[in-house]
Amino acid sequence: MEQSENTKGRKPREAMRTLRRLISYLACDRILLIVVFILIVIGISADLAGSYMLRPIINDYIIPADLPSLLRMLILLAAIYLTGVAAVWIRSFMLNRISQRTVHWMRTKLFRKMEYLPISYFDTHQHGDLMSRYTNDIDRISDALTDALSDMFSSVLTLTGIFILMLYISPILTLVTLVTVPLMIFLARRIVLKSSRYFKAQQASLGDLNGYIEEMISGQKVIKIFGHELQVEAEFAVINTDLQDKSLKAQFYSGLMMPVMQNLNTLTYVFITIVGSILAIYRGFDIGGLATFLQYSRQFGRPINELASLYNTIQAALAGAERIFQIMDKKPEPADAPNAIDLQTIQGEVALDHVYFSYEPGKTILKDINLCIPAGKKIALVGTTGAGKSTILNMLPRFYDIEAGDITIDDVSLYHIKRDSVREMMAIVLQDTHLFTGTVRENIRYGRLEATDEEVEQAAHLTSAHSFIKRLQHGYDTMLVNDGENLTRASGNY
């Protein structure tokens, strides 16, 4: 099962490779990203400049009680902060646009890839888990691209700018500030390692839960017939509890980051206040400089906290991205042979010549099968469950390829004919039929989209479905929903 792959390790495999690959999807918006980066710099510069202005305001205007000049400085300070606010607002708008365009392209690429995956992939993976990758995993990536990407750059630049300004104001107080930084980094690393492991496990467990729910909804009739409601509830409770436990642990360790860092920041603030007061009394350190430094010390811990918490968001996004890339990296159906041909017309003679087949390498289930079906003949494959009846039918349209031997249509090897051409010439009604949401006419036409209404009705006549369809309320234009579940009710009205 694939969930076993998703729960291995303490963080996504090849995390940096996954991150680089994820960022590569932003390449189409390279110019907008440059603009966003410029806006980040403007916003940070305005914030840092506004904080630094406290120093001259206190020293040159508040202490001397120069009210007219103080008012002018406050107007300038307001203009600086408004510039920063505008930059942040525009940046957020543009990032949302970039993020949604990126995940739109990822969904499109993922859907296109699924369309060309072999049937064997869908037979061995829960459909609910695959659907979860379109929703939950993509949402995690969207959150990371919208918030984490810009916040990560902002935090790094803010941290760098604050450190330079703190060093400029007072090297001694800067050293005091750095005393608790190693402890912050150590605790942040420990917390992040724990939370990232549970975030990844949470995504895998969520996929399992979605897969189970999808399976149970599809099989409700069977569940009720055999009276397995209590058993299904018990199985659901186990999976749901597992998701709850992993989510609680992920959120607990993620939520632990902020209070731990805030307490360390408060401790640092106390140290700076004590040392700064001593410097102001005995070394003539200006009050404006101390107030500004205390402001920066408050701000200094914020980007560290943000970087630590962003790591959790990024880890969750990487876990989701890895699950998506697992699908994108799967090999599609084998390409047609270079000399493959299109079937123009066929007589319909089918032959299996010494065919060997296995679903899993090394476990051959069909051995040396020889069969010849003349054109125009009707035959039935009869046998016990597991004898290979459906397997043979799956080999004809090349849902699965054989290990050895050959299959021919009108003496032409199936593997010398283009796959699409083979399937276009076949009409197959599988054991598990599927009706798409749409009219009866559209579902019949699905095999040949260019078919006229007359040809659709002719096909219905050939399958003895015409009289049944005409009894429906809207005939061929009756809308089918939920895999045709409404057919019985619709026909019962007439």
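Select Ser-421 in this predicted model. Ser-421 sits in helix α14, residues 419-424. Buried or exposed? Ser-421 has 5% relative accessibility, so the residue counts as buried, the cut-off being under 20%. Now show what surrounds Ser-421. Beyond neighbours within four places in sequence, Ser-421 is in contact with Ile-341, Asp-342 and Leu-343.

Next, select residues 127-169. This is helix α7, with 43 residues. How far apart are its end C-alpha atoms? They are 60 Å apart; at 1.5 Å a residue the helix should span 63 Å, so the two values agree. Stop at Arg-133. Here α7 bends by about 40 degrees.

Keep α7 on screen and turn to the cavities. A search of the whole structure finds three of 30 Å³ or more. The largest cavity has a volume of about 120 Å³. To see its walls, select Leu-19, Leu-22, Ile-23, Ala-144, Leu-145, Ala-148, Leu-149, Met-152, Ile-314, Ala-317 and Leu-318. Colour these residues by element of structure. Those that give two or more residues to this lining are α2 (15-24), α7 and α12 (287-328). Which of them gives the most? Helix α7 does, with five residues.

Now colour the lining by residue class. Eleven residues are nonpolar; none is polar and none is charged.

Last, look along the α7 stretch of the lining, which includes Ala-144, Ala-148 and Met-152. Residues three or four places apart in an α-helix point the same way, because there are 3.6 residues a turn.

Notes
Residues numbered from 1 in each chain as written. Predicted model: local features only at pLDDT ≥ 70, side-chain atom pairs only at ≥ 80, totals over all residues. Heavy atoms only, no water. Helix = DSSP H or I, 4+ residues; strand = E, 2+ residues; numbered from the N terminus. Expected span 1.5 Å × (residues − 1). Bend = angle between axes of the 7 residues up to and from the residue. 1 Å grid on protein atoms, 1.4 Å probe; cavity = no way out; pocket = protein on both sides within 12 Å on 5 of 7 lines; lining within 4 Å. Points joined across faces, edges and corners; volume = space filled by probe spheres on them. Nonpolar A, V, L, I, M, F, W, Y, C, P; charged D, E, K, R; others polar. Buried < 20%, exposed > 50% of the residue type's maximum accessible area, 1.4 Å probe, protein only. Contact = heavy atoms within 4.5 Å.
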